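Please keep the model open beside this note while you read. The points below go through it place by place, and each one can be checked by eye.

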Amino acid sequence: MQLQPARQVALLLLLLLAAVPRHVTEAASSSSGRRWWPSLKSLSDYEVVRSHSAQNEVDCIFAASSDSALQLVAFNASSGLCAQFRCRLGLSHCRKCRNANKGAQRVWTAGSDCWTTVQHRVSGSVDFYRNWTQYQSEFGEGPDGNYWIGLNSLHALTASGPRKLRILMKAWNDSEHWAEYSSFSVGPESDNYRLSVSGFSGSGGIGDSLAPRSNGAQFSTKDAEHDTHPSNCATMFKGAWWFSNCFATHPNGKYRDASVAIGGPYAQGVIWKLPFFLYYSLKEIEMLLL
């Protein structure tokens, strides 16, 4: 069977790539101009759209390239099945650095860049009511668990220019939500890690609970108060954040289990005000930078 010229090119690329060690960064280009990168990847950030038979990886990638919503393909050589995936929650790009090389099967992703987890709350196993020096550095269980990357790292990641911020949230009914900001940067220690954030968008019902109260704010902890409230916001609400007078979101607040997460004390918990308000502590929250 005669292959179309575009598929001949793609097949030649894959044959050439097969001769290159897989630890070397590789990419294959389709006729649409999209670049696909091989990876051993967890599929937890994706959902399957469709599956079909394919002769090889070339056909699998070629078939997905015309649909911009597709972000990952997986080809099973034994069954000849090509599975096509898109990002969950309607997101346009969802590849997390912390999930890279954690899968058992080689897959191909559209693009090589990935989201870096900088904060994550999933339980109460790590105390986030810490002092200034502790918040300057990384602490926690690593990006898969309860985690803070550190103020010094946040400044380093954004010193050359603003990054995109994504905040993923899970409520206690297991519904999932997101907020994004097109511009996020953290200043140096000399300016108490002042926050600059703008360009909000979000999933249905989610409001901007970060920029109105925290844009331009300096970071505060229980022993280093830089907020504008008459009292110390960090000590009142048992956490640390870019407080003003005080907050509409507080991802670093005291984690509350299901029995006390809903209808608990005012603003005590892992808070995102809009639409959950201040008597609701989230089940999970994760902050990521691209």
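**Notes on the predicted model**

1. Please bear in mind throughout that this is a predicted model. The largest pocket is a good place to begin, and its volume comes to about 370 Å³. Its lining is made up of 21 residues, and those nearest the centre are R88, K96, L168, E176 and E286.

2. Where does the lining of the largest pocket come from, in terms of domains? Domain 1 (36-110) and domain 2 (116-289) each contribute at least three residues to it, and at the level of strands, β10, β11 and β15 (284-289) each supply at least two. Sorted by class, the lining holds nine charged, eight nonpolar and four polar residues.

3. In soluble globular proteins, nonpolar side chains tend to be buried together. Here the largest nonpolar core has 49 residues, and L154, W242 and W272 are the ones with the most contacts inside it. Strand β11 gives the most to this core, namely four residues. Apart from this core lies another one of 13 residues, including Y46, A74, C87 and L168. The residue L168 is thus worth finding twice, as it is also among those nearest the centre of the largest pocket.

4. L154 deserves a closer look, since its contacts reach well along the chain: leaving aside neighbours within four places in sequence, L154 touches V118, W148, I149, F184, V186, W242 and L289.

5. A171 sits in the loop between β10 (163-170) and β11 (176-186). Is this residue buried or exposed? Its relative accessibility is 2%, and because buried means under 20%, A171 counts as buried. Not counting residues up to four places away in sequence, A171 is in contact with H177, F276, Y280, L282 and K283; of these, K283 is 112 residues away in sequence, although the two C-alpha atoms are 5.3 Å apart in space.

6. Most residues other than glycine have a negative phi, and most peptide bonds are trans. Two peptide bonds to check are therefore the cis bond joining N245 and C246, with omega about 20°, and the cis bond from L274 to P275, with omega near 15°. C246 belongs to the loop between α6 (233-237) and β13 (249-250), whereas P275 is placed in helix α8 (residues 273-276).

7. Positive phi values also call for a check. L89, in the loop between β5 (81-87) and β6 (106-110), has phi near 65° and is partly exposed at 32% relative accessible area. A267, in the loop between α7 (258-261) and β14 (271-272), has phi near 60° and counts as buried at 1%.

Technical notes:
Residues are numbered from 1 along each chain as its sequence is written. This is a predicted model: local features need pLDDT of at least 70, side-chain atom pairs count only at pLDDT 80 or more; totals for chains, interfaces and linings use all residues. Side-chain values use heavy atoms; hydrogens and water are left out. Buried means under 20% relative accessible area, exposed over 50%, partly exposed in between (1.4 Å probe, protein chains only). Contact means heavy atoms within 4.5 Å. On a 1 Å grid over the protein atoms alone, a cavity is a set of points where a 1.4 Å probe fits but cannot get out, and a pocket is an open set with protein on both sides within 12 Å along at least five of seven lines; lining residues have an atom within 4 Å of a point. Grid points are joined across faces, edges and corners, and a volume is the space filled by probe spheres set on the points. Ala, Val, Leu, Ile, Met, Phe, Trp, Tyr, Cys and Pro count as nonpolar, Asp, Glu, Lys and Arg as charged, and the others, Gly among them, as polar. Domain bounds come from an automatic or database domain assignment. A nonpolar core is a set of buried Ala, Val, Leu, Ile, Met, Phe, Trp, Tyr and Cys residues joined through side-chain atoms within 4.5 Å.
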